[in-house]
Amino acid sequence: MHVDGTEKKWVILSFMMAFAMMGILAAYAINKNIHPPSNVETIDSTTLHLSEEFNEDNLGIEKENDGSYRVTMVAARYGFFPHDLKVPVGQPIKFRIASADVLHGVHTANTNMNTMVVPGYISEVNTTFPKVGRFPMYCNEYCGLGHDYMWSRLNVVSMEDFEKSLKEAD
Ligand code: CUA
């Protein structure tokens, strides 16, 4: 088979471009530690209220032994619970989210908080909120007629205010 010289050059060039782009993607992902949510942990979505972790009394933020924080949250038509969440600024926080019914998503603009919440699985997001403020947390997977109204408030507050609110809660 005869391939014209110019054509051959372009074939080689286009392959090189494709590999270069794949290389850049891989280097960027490794460098910035970007990866898809990969926590494969199953749970029975129909009995969340009976589970130890996702029972209504245990939702919210908790301090771990290593000083980091853990937020336990339930997504259900149509809201995230707790509905009004207060978290400290600049602290590593691990979110653990389960759906009580159908597929939902959690998205908070200007943060790396963006995950699907698949019924039957626990979604995990590790993040640190860099700025104090009130941010809406939206559902970004169509989940029914009330999808547009499914959101909750995330209050990122200073460490001082956070500790104060903990004391008030006790
Ligand atoms: Cu939940 Cu859309």
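**Figure 1. Salt bridge between Glu41 and Arg96.** Glu41 is partly exposed, because its relative accessibility of 28% falls between the 20% and 50% limits of that class. In this predicted model, Glu41 forms a salt bridge with Arg96, and the closest N and O atoms are 2.9 Å apart. The contact links distant parts of the chain, since Arg96 belongs to strand 5 (residues 92-99) whereas Glu41 sits in the loop between helix 1 and strand 1 (60-63), with 55 residues separating the two. Arg96 is buried, its relative accessible area being 9%.

**Figure 2. Network of salt bridges around Glu41 and Arg96.** Both residues of the preceding view take part in a network of salt bridges, in which Glu41, Glu53, Lys94, Arg96 and Glu124 are linked. The count of salt bridges in the model comes to 7.

**Figure 3. Salt bridge between Asp84 and Arg153.** The side chains of Asp84 and Arg153 meet in a salt bridge with an N to O distance of 3.9 Å. Because Asp84 lies in strand 4 and Arg153 in strand 10 (residues 151-157), the pair ties together parts that are 69 residues apart in sequence. Asp84 is partly exposed, with a relative accessible area of 44%, and Arg153 is likewise partly exposed, at 29% relative accessibility.

**Figure 4. Salt bridge between Glu64 and Arg70.** A salt bridge joins the side chains of Glu64 and Arg70, with 3.2 Å from N to O. Glu64 has a relative accessible area of 28% and therefore counts as partly exposed.

**Figure 5. Cis peptide bonds on either side of strand 3.** Most peptide bonds are trans. The bond from Arg77 to Tyr78, however, is cis, with omega near -10°. Tyr78 is located in the loop between strand 2 (69-76) and strand 3 (79-81). A cis peptide bond also runs from Phe81 to Pro82, with omega near 5°. Pro82 lies in the loop that connects strand 3 to strand 4 (84-88).

**Figure 6. Nonpolar surface patch including Ile12.** Trp10, Ile12, Leu13, Met16, Met17 and Met21 make up a nonpolar patch on the surface, and their accessible area together is about 660 Å². Ile12 is placed in helix 1 (residues 5-31). With 48% relative accessibility, Ile12 is classed as partly exposed.

**Figure 7. Arrangement of the two domains.** The protein is divided into domain 1, covering residues 1-35, and domain 2, covering residues 41-169. A distance of 40 Å separates the C-alpha centres of domain 1 and domain 2.

Note on methods: Residues numbered from 1 in each chain as written. Predicted model: local features only at pLDDT ≥ 70, side-chain atom pairs only at ≥ 80, totals over all residues. Heavy atoms only, no water. Domains from an automatic or database assignment. Patch = residues over 30% accessible without salt bridge, like charges linked within 9 Å, V, L, I, M, F, W, Y side chains within 5 Å. Areas by Shrake-Rupley, 256 points an atom, 1.4 Å probe, with all protein chains shown as cover. Salt bridge = Lys/Arg side-chain N within 4 Å of Asp/Glu carboxyl O. Helix = DSSP H or I, 4+ residues; strand = E, 2+ residues; numbered from the N terminus. Buried < 20%, exposed > 50% of the residue type's maximum accessible area, 1.4 Å probe, protein only.
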